[in-house]
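Let's take a stroll through this two-chain model and see what we can pick out by eye. Have the structure open while you read.

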Amino acid sequence: MAGTFATKRLGKELAKIHESLPPGIELVSADNFEEWFLDIRVLDSNPLYLNQIYRLKFKFSAQYPIEPPEVVFVKLADRPIPIHPHIYSNGIICLDLLGQQGWSPVQNVQSICMSLQSMLTGNSKNERPAGDEDFVRGNRLRPKDINFYYHDNDV
Amino acid sequence: MDTDDDFMSNVSSEEDMLPDDSDNDMSGDDDFDFDDEPDPDIDIQKDIGQQKRAAYDVPFTVHQPQDIQRQQDDLINEVNMILNISKEEAAILLRHFRWNKERLIEDYMDRPSQVLDAAGLSEKISGPPKLQVIPGFCCDICCEEEDGLESFALKCGHRYCVDCYRHYLAQKIREEGEAARIQCPSDGCNIIIDAKSLDLLVTAELTERYHKLLNRTFVEDKDTLKWCPAPDCQNAVECNIKKKDLNRIVPTVSCLCSHRFCFGCILNDHQPAPCDLVKKWLKKCADDSETANWISANTKECPKCGSTIEKNGGCNHMTCRKCKHEFCWMCMGLWSEHGTSWYSCNRFEEKSGTEARDAQAKSRVSLERYLHYYNRYANHEQSARLDKDLFHKTEKKMVQLQKESGMSWIEVQYLSSASKALQTCRQTLMWTYAFAFYLARNNLTEIFEDNQKDLELAVESLSEMFEKPVQDLADQKLKVDIMDKTSYCNKRRIILLDDTAQNLADGKWTFNVEFSTPSAGPSGSGARK
């Protein structure tokens with residue numbers, strides 16, 4: 001549950017989001033200060049993601065923004081999980097920015113969306129992470145408890 | 001309520017110096033060394049470097065919390081003076097260089113700005129850290145912009161409100177256990193927060209934890225320092241044994257709290273077995289000792305297919321469920337050869353039976369070999385545990401003895417010495433069996449086994465005397481016997497350890513397993529000088 005600290009900050013973020021959002025990012029729902037949904041799409045013509053829209057789920061803890069939010073892609077009939085060497089087919093994203101080490105409290109929902117946009121834009125590999133199948137089958141951990149090894153920060 | 005662990009550290013409580021005594025002569029007077037404080041003895045160990053040490057002895061020093069603090073402060077002050085930077089910055093630089101002062105100074109002289117940058121410091125000169133109220137300021141973390149909001153920035157100038165900074169630091173220190181490398185909250189800024197700024201921002205309780213964590217990094221950053229693993233002990237031990245030397249030496253150190261442990265792997269003293277064998281042994285024991293025990297006691301293998309079979313009732317006519325082989329449980333021979341003597345095997349030797357038993361015997365040999373060593377290992381472990389109770393009773397016994405025989409306190413101390421000797425010797429014996437399990441036979445193993453036997457006999461007979469009722473203990477003759485046996489046990493232990501350690505250092509043992517860590521090199525001279 002979000003605490004007052006998180007609530008205050010999220011309230012301000014939401015006000016700003018209602019005002020304006022960068023192209024390719026849309027707010028789907030933000031009914032409370034615990035879980036938000038946003039849609040993103042890439043802005044260039046990368047054939048891997050052309051004409052696709054992806055759904056993101058944000059979960060905020062009481063420690064937000066000191067702690068990073070939990071961000072995953074969710075799969076719906078018209079919202080696939082983007083193919084990317086750092087995105088597992090269950091929607092879990094391996095990005096240092098979302099881990100405790102890479103996170104900075106200055107980041108926000110909008111900046112995360114933009115980082116994910118550029119993570120997709122910059123990718124040309126039509127593949128899932130190594131061991132995707134095993135991970136998706138075996139993983140019961142929440143994304144924040146997984147110790148990703150950020151071996152390759154360029155992708 | 002005592003755990004085994006804290007028992008082991010209590011065994012040789014207070015002033016027991018038996019195991020560390022570099023002096024090989026363990027005759028009577030050593031047992032009465034009670035007024036000796038441990039510290040001088042340990043300091044001596046370092047000082048007498050040139051003197052002949054026992055082969056199993058390693059030089060080490062114990063540092064108490066204030067020593068650790070002082071060492072850090074000394075280094076920080078030195079760098080502070082030489083490089084003319086603030087103490088807080090000196091501390092950050094030193095941590096960045098893992099307390100290698102020489103390298104720090106050299107690198108800093110060569111290229112100060114790169115060094116500062118890499119360590120998370122800024123070249124900018126600024127006054128002492130302070131909280132400020134800046135008109136029109138808006139905090140990037142909480143988006144607060146009310147008037148009079150107090151804010152703080154490190155030298156990098158990334159400014160956040162005090163409340164956010166506090167939240168951020170509390171999260172880092174309390175939840176993540178971070179101290180030495182807490183960076184500015186700004187994205188991608190690697191400027192590290194210094195102790196002075198931190199003290200300004202957080203509560204006293206958090207500051208205390210922060211400094212504790214910082215102290216911890218000092219010990220953890222240095223390969224030559226390790227924390228004493230005993231519960232609640234705050235000392236650290238310094239020892240110069242390198243990781244690569246661990247196949248040639250078993251670096252047992254003894255903390256001021258009297259806990260004896262291996263500097264290589266932090267486990268309880270496991271002389272004479274080297275760390276790697278200990279690791280293998282413990283793994284093996286955890287893997288299959290219990291199962292193997294049970295299998296050995298309760299099952300036989302089908303003479304044809306080798307399936308393990310448990311006979312849970314019924315007659316001797318066995319039909320293997322797997323391969324349908326029919327055999328006799330008693331003699332393991334073919335059932336068909338039993339003719340009419342069904343259900344009671346009284347045959348002497350038939351060929352098929354002998355062969356089957358031979359094959360079975362072979363498959364059991366390796367298991368039996370393991371069980372031989374395991375049982376002895378476990379027995380000493382168990383006895384040591386039983387002696388633990390005895391040890392606790394010893395003090396009572398000593399009091400009782402003083403009352404009944406009119407002996408003085410000092411005169412009954414021999415019981416305490418005997419109890420300590422029993423503990424230490426059993427600990428050693430225990431590990432000699434793990435060691436022997438991995439030892440390949442050569443002409444030295446016999447000497448080792450003789451030494452082992454001598455020690456074992458001595459320990460068992462001391463153990464027996466020790467259990468005598470109090471009335472008997474008052475007898476002067478028994479007292480002298482116990483004292484003699486105590487010193488004999490200690491002497492035998494030292495002989496065994498010395499011999500084993502010497503051969504280990506000289507690379508004279510051959511093992512039937514490969515060491516996982518690479519050996520120090522052909523001569524192995526690195527282990528000892």
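The largest nonpolar core of this predicted model has 63 residues. Those with the most contacts inside that core are Val237(B), Ile249(B), Ala418(B), Ala434(B), Val459(B), Leu462(B) and Ala501(B). Which helix gives the largest share of this core? That would be helix H12 of chain B, residues 413-437, with 13 residues. As background, nonpolar side chains tend to be buried together in soluble globular proteins.

Try clicking on Ala418(B), one of the residues with the most contacts inside the core. If you skip its neighbours within four places in sequence, Ala418(B) is in contact with Leu462(B), Phe466(B), Ile482(B) and Thr486(B). Leu462(B) is another name from that list of residues with the most contacts in the core.

There's also a second, separate core, this one of 41 residues. Its members include Leu10(A), Phe60(A), Cys142(B) and Cys164(B), so look for it in both chains.

**The two chains**

Now for the chains themselves. Chain A has 3 helices and 4 strands, and if you read along its sequence you meet them in the pattern α-β-β-β-β-α-α. Chain B comes to 15 helices and 12 strands. Here are a few overall numbers for each of them.

| Chain | Residues | Buried residues | Contacts 24 or more apart, out of those 6 or more apart |
|---|---|---|---|
| Chain A | 155 residues | 32% | 56% |
| Chain B | 529 residues | 35% | 59% |

How many residues of chain B are in contact with chain A? There are 12 of them, and they meet 13 residues of chain A. On the chain B side, the residues that touch chain A divide into 6 nonpolar, 3 polar and 3 charged.

**A pair of crossing helices**

Stay in chain B and find helix H3 (residues 65-83) and helix H4 (residues 87-96). Their axes come within 8 Å and cross at roughly 110°. Angles from 65 to 115 degrees count as roughly perpendicular, and therefore that's the word for H3(B) and H4(B). H3(B) passes H4(B) in a right-handed crossing.

Who makes the contact? From H3(B) come Leu75(B), Ile76(B), Val79(B), Asn80(B) and Leu83(B), while H4(B) brings Lys87(B), Ala90(B), Ala91(B), Leu93(B) and Leu94(B). Sort them by class and you get 8 nonpolar, 1 polar and 1 charged residues.

**A loop worth zooming in on**

Next, look at the loop between strand E8 (260-262) and helix H10 (275-298) of chain B, where you'll find Ala273(B). Is Ala273(B) buried or exposed? It counts as buried, because it has 26 C-beta neighbours inside 10 Å, and 20 or more is what it takes.

Not counting residues up to four places away in sequence, Ala273(B) touches Val250(B), Val278(B), Trp431(B), Ala434(B) and Phe435(B). Ala434(B) should ring a bell, as it is on the list of residues with the most contacts inside the largest core. Ala273(B) and Thr428(B) make a nice pair to look at too: they are 155 residues apart in sequence, yet their C-alpha atoms are 9.0 Å apart in space.

The loop between E8 and H10 of chain B also holds Pro272(B). The peptide bond from Gln271(B) to Pro272(B) is cis, with omega near 5°.

**Unusual backbone spots**

Most residues other than glycine have a negative phi, and most peptide bonds are trans. Keep that in mind for what follows.

In chain A, a cis peptide bond joins Tyr64(A) and Pro65(A), with omega about 0°. Pro65(A) has its place in the loop between strand E3 (54-59) and strand E4 (70-74) of chain A.

What about phi? Asn51(A) has a positive value, near 60°, though it isn't a glycine. Look for Asn51(A) in the loop between strand E2 (35-40) and E3 of chain A. Asn51(A) counts as exposed because it has 8 C-beta neighbours inside 10 Å.

Chain B has a case of its own in Asp232(B), whose phi is positive at about 65°. Asp232(B) lies in the loop between strand E5 (225-227) and strand E6 (236-239) of chain B. With 7 other C-beta atoms within 10 Å, Asp232(B) is exposed.

Note on methods
Residues are numbered from 1 along each chain as its sequence is written. Chains are lettered from A and ligands numbered from 1 in the order in which they are written. This is a predicted model: local features need pLDDT of at least 70, side-chain atom pairs count only at pLDDT 80 or more; totals for chains, interfaces and linings use all residues. Axes are lines fitted to C-alpha atoms, for helices over the stretch in contact, and angles run from 0 to 180 degrees between N-to-C directions. Helices (H or I, at least four residues) and strands (E, at least two) are DSSP runs, numbered from the N terminus. Angles under 35 degrees count as roughly parallel, over 145 as roughly antiparallel, 65 to 115 as roughly perpendicular and the rest as oblique. A crossing is left-handed if the near helix is turned anticlockwise from the far one by less than a right angle, and right-handed if clockwise. Two residues are in contact if their C-beta atoms, placed from the backbone, lie within 7 Å. Ala, Val, Leu, Ile, Met, Phe, Trp, Tyr, Cys and Pro count as nonpolar, Asp, Glu, Lys and Arg as charged, and the others, Gly among them, as polar. A nonpolar core is a set of buried Ala, Val, Leu, Ile, Met, Phe, Trp, Tyr and Cys residues joined through C-beta atoms within 7 Å. A residue is buried if 20 or more other C-beta atoms lie within 10 Å of its own, exposed if 12 or fewer, and partly exposed in between; C-beta atoms are placed from the backbone.
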